[in-house]
Amino acid sequence: MNSRAIGIVSTGMYVPSQVVTNDDLARYLDTSDEWIQEKVGVKERRRAAAGESTSDLAVAAGLQALDKLSIMPSDLDLIVVATSSPDMIQPPTASIVQGKLGACNAAAFDVGAVCAGSVFALDVAAGLMLSHPDYRHVLVIGAETYSRILDWDDRTTCVYFGDGAGAAVLSDVPQGRGLLHSVLGTDGLKWDAITLLGGGSTYPASEDSVRNGLHKFRMRGKDIWTFATTTVPDAIERALARAALTADDLDFIIFHQANINIIRENMGRLGLPMHKTHTCMDRYANTSGASVLLALSDAIEQRKIRSGDLVALVGFGGGLSWGVSLWRWA
Ligand SMILES: CC(C)(COP(=O)(O)OP(=O)(O)OC[C@H]1O[C@@H](n2cnc3c(N)ncnc32)[C@H](O)[C@@H]1OP(=O)(O)O)[C@@H](O)C(=O)NCCC(=O)NCCS
């Protein structure tokens with residue numbers, strides 16, 4: 001047994017104020033409110049204001065999580081930001097967040113695992129707390145401004161996503177509480193299921209990549225469906241088995257807010273009723289690496305999670321990557 005138990009002791013969230021409805025998109029795109037609600041479960045999404053960056057969203061969510069705990073940014077030992085829409089390729093968005101927060105004692109870095117980002121970042125942060133006994137408070141943030149990286153003329157991608165941020169503070173909790181077990185996975189043979197070029201590849205020079213649309217944000221939706229409804233529930237079962245638990249033991253489960261139909265399908269596969277999960281993609285859409293922490297914070301705000309509950313956090317998406325972590329709520 002580890003000498004420390006690490007748990008989520010506070011959460012926060014932030015979404016920009018501008019609302020973009022499905023009808024707003026249907027005004028210029030060959031789509032409809034009906035299709036988007038039926039196939040994705042989104043009614044509206046938020047869009048960052050001009051001058052509002054991923055780091056600004058991250059700072060707002062982070063401050064809310066710190067305020068609830070009454071700890072100062074200078075009390076933080078580490079900041080980990082999950083994002084796939086960073087302010088810049090360099091420096092890490094976490095550095096900018098550290099500077100804006102004035103978290104002068106915190107090391108800071110980004111985790112890139114796209115829509116599984118929040119769950120990967122929580123796992124990395126908890127692991128570092130175990131190997132650094134002097135780390136007392138770690139801030140984990142998922143933040144995205146997909147409105148700036150989407151192809152707004154591609155109806156097969158742009159209708160899914162929104163801007164937002166979620167945050168969690170990790171600290172010591174009583175033994176038996178906090179992070180119990182986790183499973184992380186990647187299928188790199190399917191890396192091209194969701195893509196957007198960075199600056200370090202040769203793809204722009206290739207005619208094939210341009211023809212295949214790799215120079216813009218692209219997603220093979222049906223491949224994601226297959227992955228999300230087979231690999232992901234298997235990973236949940238594996239994480240539960242490692243903790244000698246079953247799906248029946250789960251009090252609550254937060255999924256990446258990819259798509260309402262994926263969540264319904266997976267709750268069915270696990271034999272769990274829908275009231276044991278929380279969805280906010282109808283209001284905020286898929287906020288990629290932010291979505292698990294944003295949905296968690298929203299669920300806690302609505303008092304859906306109580307002390308002692310067994311909670312699963314489930315992230316999945318580009319990579320293809322997936323992460324499942326099990327927490328006994330502190
Ligand atoms: C993509 C997905 C919605 C397709 O569902 P489906 O029930 O198999 O879809 P259908 O075959 O009925 O519809 C696909 C059609 O809708 C069209 N379509 C795609 N986006 C559309 C939109 N925004 N509005 C209207 N039509 C759209 C497609 O062009 C396709 O048309 P075609 O058959 O003429 O080529 C489903 O596989 C899915 O949910 N995948 C997961 C995607 C996801 O969650 N991504 C987030 C990843 S983190």
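Which residue has a polar side-chain atom 2.6 Å from an oxygen atom of the ligand? I started my notes there, and the residue is Asn259. I should jot down early that I'm working on a predicted model.

**Entry 1: the ligand**

I listed what surrounds the ligand and got 19 residues. Thr31, Lys39, Gly221, Lys222 and Asn259 come nearest. Then I went through the polar side-chain atoms. For Asn259 the distance to a ligand oxygen atom is 2.6 Å. Lys222 has an N or O atom of its side chain 3.0 Å from an oxygen atom of the ligand. With Trp35 the ligand partner is a nitrogen atom, and the distance to a polar side-chain atom is 3.4 Å. I also looked up the area: the ligand alone exposes 1000 Å², and 69% of that is buried by the protein.

**Entry 2: overall build**

I stepped back to the whole protein, where I count eleven helices and 13 strands. The radius of gyration comes out at 19 Å, close to the 20 Å from the globule rule for 330 residues, so the protein is as compact as a globular protein of that length. I noted the span of the C-alpha trace along the principal axes too, about 55 × 45 × 35 Å.

**Entry 3: the five-stranded sheet**

I traced an open sheet of five strands, in the order 1-7-6-4-5 and with mixed pairing. At its edges I find strand 1 (5-14) and strand 5 (107-111), each pairing on one side only. Ignoring direction, neighbouring strands here are turned by 20 degrees against each other on average.

Inside this sheet I looked at strand 6 (residues 138-144) and strand 7 (residues 164-173), which pair in the antiparallel sense over seven bridges. There Gly142 stands opposite Gly166 of strand 7.

Which helices pack on this sheet? I found helix 3 (residues 54-69) touching strand 1, strand 6 and strand 7. Its direction makes about 125 degrees with that of strand 1. Helix 11 (residues 291-301) also packs on the sheet, touching strand 1, strand 6 and strand 7, and its direction makes about 90 degrees with that of strand 1.

**Entry 4: the four-stranded sheet**

Next I traced an open sheet of four strands, ordered 8-13-12-11, again with mixed pairing. Why is one side of strand 8 and of strand 11 left without a neighbour in the sheet? Strand 8 (178-186) and strand 11 (252-255) stand at the edges and have a single partner strand each, so one side of each stays unpaired in the sheet. The twist I noted averages 10 degrees from one strand to the next.

Strand 11 pairs with strand 12 (residues 310-317) in the parallel sense, over four bridges. I checked Ile254, and its bridge partner in strand 12 is Leu313. Helix 9 (residues 260-270) lies across strand 11 and strand 12, and I logged its direction at about 145 degrees to strand 11.

**Entry 5: backbone oddities**

I scanned the peptide bonds for cis cases. One of my hits joins Gln90 and Pro91, with omega about -5 degrees. Pro91 sits in the loop between strand 4 (78-82) and helix 4 (93-101). Another hit doesn't lead into a proline: the bond from Gly319 to Leu320 is cis, with omega near -20 degrees. I placed Leu320 in the loop between strand 12 and strand 13 (321-328).

My last lookup was Ser70, a residue other than glycine with a positive phi, near 60 degrees. Where is Ser70 placed? I found it in the loop between helix 3 and strand 4.

Technical notes: Residues numbered from 1 in each chain as written. Predicted model: local features only at pLDDT ≥ 70, side-chain atom pairs only at ≥ 80, totals over all residues. Heavy atoms only, no water. Pairing = 2+ DSSP bridges. Helix = DSSP H or I, 4+ residues; strand = E, 2+ residues; numbered from the N terminus. Axes fitted to C-alpha atoms, helices over the stretch in contact; angles between N-to-C directions. Contact = heavy atoms within 4.5 Å. Near = heavy atom within 4 Å. Polar contact = N/O pair within 3.5 Å; in protein donor to acceptor, adjacent residues only side chain to side chain. Areas by Shrake-Rupley, 256 points an atom, 1.4 Å probe, with all protein chains shown as cover. Rg over C-alpha atoms; globule rule 2.2 N^0.38 Å.
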